[in-house]
Amino acid sequence: MPTVALALPLELEDSTALQLARHGFELSIRCSSADELASQLVHTAPDCAIVAASTRYLNDRLMVEADAVGVRIVALVESDADRRYAAGLGLLEVVAADAEWSEVGMLLAGRSGTGEVGSGPRNGTVIAVWGPAGAPGRTSMAICLAAELAASGATVVVADVDTHSGSIAPALGLLDEAPGFAAACRLAGADALTQPELERIGQRYLTARGSFWVLTGIGRPSRWPELSGERVTAAIRACRDWVDYTILDTGASLENDEEISSDLFAPRRNGATIAALRAADEVIAVGAADPVGLSRFLRAHVDLLETIDTDRVTVVMNRVRESAIGPGASGQVRQTLQRFGGISSPVLVPYDLPAFDAAILTGRSIVDVAPRSPARAAVAALVRERILPQPPPVVRRGWRRRTAAARA
């Protein structure tokens, strides 16, 4: 029987408890505030929680604690202000306080004691983030993509596949003594990588705007043989069945090591990056928008197109600024990419050093530390327009009816 915790005003608490009993739910605990409920979640472990969408019964701490232990929160709203408050915390599962119980029940049914509804394989989307040498912003872009997708309500994992200089863990202030992605590869090689194992070896980046999983990278480059191409491919396959979106932060080099080795069966240091790129549904190719960065990107972009299918690549030029390019920086970057690389419709991310410095300083994403940053806005538009499923087009029928009436 699914268990539900409550944090509601008295006038809502009694009626909600009665409805829970009538519809086959077990009431696990009643709390008088968000902080009380947050402190009790780890001990009571309910499947869901119903709270009022106000500062007393819903706050950042409750959102983070609930996400950490996998408790679904449903908020009851009594006004537009309540709905805006819940949305500001990143909570999308809201229902009017006076709604029919069927609406509340549908949200509660999204998770029961046996896990999420539709517990079969997800067949999630895999996105690889690649860029040439010279630190164009691969890791920052991977984190931004993960944060934006998580903020949209999707389940996300970001995995550090870089065998040269893994950076996800320090960028997010996470420990990397036991690299999560290397552990995933070892388990995948033994055909033992299950969802419980992924959750055991993964770490959580917790935020009220949208938390996501992190599989940290190898801390010492000498451990690169643990990430063989076959293991990487198997680990990515397991992640597809775990979350909606898997973001892969890859290395820069696409060199085939067999060209300099006589042992065709030896592990390849760049095999992890190549395997990740070939397994991905979409590739985000990141370059730095300055003369040196553009030159590096255009040369390496040729190698990228020889490695994967061209129709899966979205080019993102990072740190666009007039101080490095000159007046009309955006136009000059577009013209350079089109002229020398045949690249059209690139995504341009403005240079916002204070936002990214604040993110590195605090170990957070810019979605959290600088939500109004123009760089964040550019990445959010990329996610909204090119990654997330697009809504069906609206069919307008009024013109046809008027035309038919006029002919009659």
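**Exercise 1. Find which strands helix α2 lies across, and give its angle to β2.**

Solution. Start with helix α2, residues 34-44: this helix lies across β1, β2 and β3 and runs at about 145° to β2. Helices (H or I, at least four residues) and strands (E, at least two) are DSSP runs, numbered from the N terminus. Contact means heavy atoms within 4.5 Å. Axes are lines fitted to C-alpha atoms, for helices over the stretch in contact, with angles from 0 to 180 degrees between N-to-C directions.

A word on the material: this is a predicted model, where local features need pLDDT of at least 70 and side-chain atom pairs count only at pLDDT 80 or more, while totals for chains, interfaces and linings use all residues. Residues are numbered from 1 along each chain as its sequence is written, and side-chain values use heavy atoms, leaving out hydrogens and water.

**Exercise 2. Work out the strand order of the open sheet of five strands.**

Solution. Step one: β1 (residues 3-7) and β3 (residues 48-52) pair in the parallel sense over four bridges; two strands pair if DSSP finds at least two bridges between them. Step two: Leu6 has Ile50 in β3 as its bridge partner. Step three: the full order is β2-β1-β3-β4-β5, with parallel pairing. Step four: β2 (26-31) and β5 (94-96) each have a single partner strand, so one side of each is left without a neighbour in the sheet.

**Exercise 3. Trace the surroundings of strand β14 (residues 313-320).**

Solution. First, β13 (residues 282-288) pairs with β14 in the parallel sense over six bridges, and Ala285 has Val315 as its bridge partner in β14. Next, three bridges join β14 to β15 (residues 347-350), again running parallel; here Val316 stands opposite Val347. Finally, seven of the eight residues of β14 are buried (under 20% relative accessible area, 1.4 Å probe, protein chains only), so this strand is largely enclosed by the rest of the structure.

**Exercise 4. Which residues have the most contacts inside the largest nonpolar core?**

Solution. A nonpolar core is a set of buried Ala, Val, Leu, Ile, Met, Phe, Trp, Tyr and Cys residues joined through side-chain atoms within 4.5 Å. The largest one has 55 residues, and Phe181, Leu193, Val232, Met317 and Leu337 have the most contacts inside it. Its largest share, seven residues, comes from helix α8 (residues 180-189). Now zoom in on Leu337: leaving aside neighbours within four places in sequence, its contacts include Leu294, Phe297, Val315 and Met317.

Methods
Buried means under 20% relative accessible area, exposed over 50%, partly exposed in between (1.4 Å probe, protein chains only).
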